[in-house]
Amino acid sequence: MREAETGPVTELRTQLPPQSDRLRMALTLLLPVLACLPTVPRLVSPAEFPDVAPRAPALSANPHRPAYLPGESLNLTCSVPGGDQVVQFQLWKDGEAQPPTDSRGQRVHSFPLAQLRVQDTGTYTCLYCLRQSKGQRQSWRSNPISVSVYDHPTAPSLSVSPRHPVYLPGEAVTLPCMAPPGAHPAAGFQFSRVGGRNLSSGSNDTHTLSITGLADAGSFTCLYWICPSRRCIQSWESRPISINVTDLPSQPLLSIDPPSEAVSEGLPLLISCMAPGDTGDWRFQFYKDGDELVPGNVGFEISTTEPGASSVNVSVLRIPRASLNNTGEFTCGYEENVSGRWVPSRRSRAVNITVNIAATAWAQPRNKLLPCGILVVLGMALAALVCYCRRNKRVPEPLQYLRGSEPGEGDGGLDPRRCREELKPNSVRVELPEEGSDVYTLLTFPSSAPP
């Protein structure tokens, strides 16, 4: 009978020492009884019985991105392997279970995350529950999906240098874009025209705008982006900066008095500069040989008349006495106040002014020369009369030149014929009437003989 025993009992008997026969008999009777005892059921977790727990589902994200922005949408899909009947799906976030969802007999379930927020950032997993004869059983958790939601970084500040209310063609302005400090440094910058195209995009935080005309005016903004992961996040746009462009004012008109562009030394000289239009706020400048004339400069006596109420667009440069230093090429210009900035105009046409010295001696006023000439003639006549009286102590008989022999005869006048015959060509004659008489005395003064 012992030879017929096989199996575990035979192995156990062979391992017991020969002196333990009584113990061998007890084990022989106890082992079949232990093998027939029923199993007591209890709640277990899948981790205790991996060969019994349902397999883990697969979790995927659509669209799958390294980073998301607020307002974007995301679907997390939990797929069950095998053909078991699924009862429920459950989503977990950062180790915390979310409310379960009925599967409705489907083996694939989606968890939509619409209008993402920064609070949705976290690590997600899913699991499912199966219905078995012994009740529901949970599966292993799926692979984790990391979701990172980044808000748009704070808007940068955009400035302009140099800062003017208006700009002119040919000028250049610099637009620096400054990103605020944050957890992630700015990886790049973008400059744009409001309602238009992008001006530049790159790592440079400054853009230079070259102004060529009125078309370059407009409003400009900038932004930057950070790259916390493989996806870069753009910031909000900065406040717009307005660039106003104006053209240069029109050329003024330069005129001089005298208009011949030549003036004698010592005479006044007037140079007028007229701006086009009759309204505006102007400042005028005058130039000689390219250098600005400033009232009070050495060598110039300049009085600048600013525009008055009657001529708001004209300025006059007054030189009371022209000199040789005033000879040269004169131009003028003006500045117009445009929105608080003085904008210079183009220069006027050049006028060459000549100060003439030769014409100065003959250009004295007549009211000065005429009295001097009269005084000279009277002085010469008086000197001649005195000299004659000293040489001749008597007064010549005038009757011989009268038409009558006695006073009162005739018409009392001189005989013109006899006077012309008696007087020599080289004599000086002066007729003087005597007091209380109509008789004229004719004085003859011999002229000086030639050497």
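**View 1. C232 is partly exposed, with a relative accessible area of 37%.** Its bonded partner C227 is partly exposed as well, at 35%. (Here buried means under 20% relative accessible area, exposed means over 50%, and partly exposed covers what lies in between, using a 1.4 Å probe and protein chains only.) This is a predicted model, in which local features need pLDDT of at least 70, side-chain atom pairs count only at pLDDT 80 or more, and totals for chains, interfaces and linings use all residues. Residues are numbered from 1 along each chain as its sequence is written, and side-chain values use heavy atoms, with hydrogens and water left out. The sulfur atoms of C227 and C232 lie 1.8 Å apart, forming a disulfide (a pair of cysteine sulfur atoms within 2.5 Å). The torsion about their S-S bond is about 95°, so the link is right-handed.

**View 2. C78 and C126 form a disulfide with 2.1 Å between their sulfur atoms.** The S-S torsion is about 80°, so this link is right-handed. C78 belongs to strand β2 and C126 to strand β7 (residues 122-132), so the bond ties together parts that are 48 residues apart in sequence. (Helices, H or I with at least four residues, and strands, E with at least two, are DSSP runs numbered from the N terminus.) C78 is buried at 0% relative accessibility, and C126 is buried at 0% too.

**View 3. C273 and C332 are joined by a disulfide, with their sulfur atoms 2.2 Å apart.** At 75° about the S-S bond, the link is right-handed. C273 sits in strand β20 (residues 269-274) and C332 in strand β25, so the pair connects parts that are 59 residues apart in sequence. Relative accessibility is 0% for C273, which counts as buried, and C332 is buried at 0%. For the wider picture, the structure holds four disulfides. Counting bonded cysteines along the chain, their pattern is 1-2, 3-4, 5-6, 7-8.

**View 4. Ring pairs link W282, F284 and Y334 into a cluster.** A pair of aromatic rings is described by the distance of the centres and the angle of the planes. Rings of Phe, Tyr and Trp (its six-membered ring) pair if their centres lie within 6.5 Å; planes under 30 degrees apart count as stacked, over 60 as edge-to-face and the rest as tilted. By this rule there are three aromatic pairs. W282 and Y334 have ring centres 6.4 Å apart and planes at 85°, so they meet edge-to-face. This contact links distant parts of the chain, with W282 in strand β21 (residues 282-288) and Y334 in strand β25 (residues 328-338), 52 residues apart. Both W282 and Y334 are buried. F284 and Y334 form a tilted pair, 6.0 Å centre to centre with 40° between the planes. F284 lies in β21, and 50 residues separate it from Y334 in β25. F284 is buried, as is Y334.

**View 5. R283 and E335 make a salt bridge, with closest N and O atoms 2.9 Å apart.** R283 lies in strand β21 and E335 in strand β25, so the pair ties together parts that are 52 residues apart in sequence. (A salt bridge is a side-chain nitrogen of Lys or Arg within 4 Å of a carboxyl oxygen of Asp or Glu.) R283 is partly exposed at 36% relative accessible area, whereas E335 counts as buried at 18%. Elsewhere, salt bridges that share partners join R65, E72 and R231 into one network. A search of the whole structure finds six salt bridges.

**View 6. Two arginines sit over aromatic rings.** The charged end of R141 lies over the ring of W92, 3.6 Å from its centre. R347 sits over the face of Y287, 3.5 Å from the ring centre. (A charge sits over a ring if NZ of Lys or CZ of Arg is within 6 Å of the ring centre and within 35 degrees of the ring normal.)

**View 7. Strands β12 (residues 188-193) and β13 (residues 198-202) run antiparallel, joined by four bridges.** (Two strands pair if DSSP finds at least two bridges between them.) S192 has N198 of β13 as its bridge partner. The two strands form a hairpin with four residues between them, and G195 in the turn has a positive phi of about 75°.
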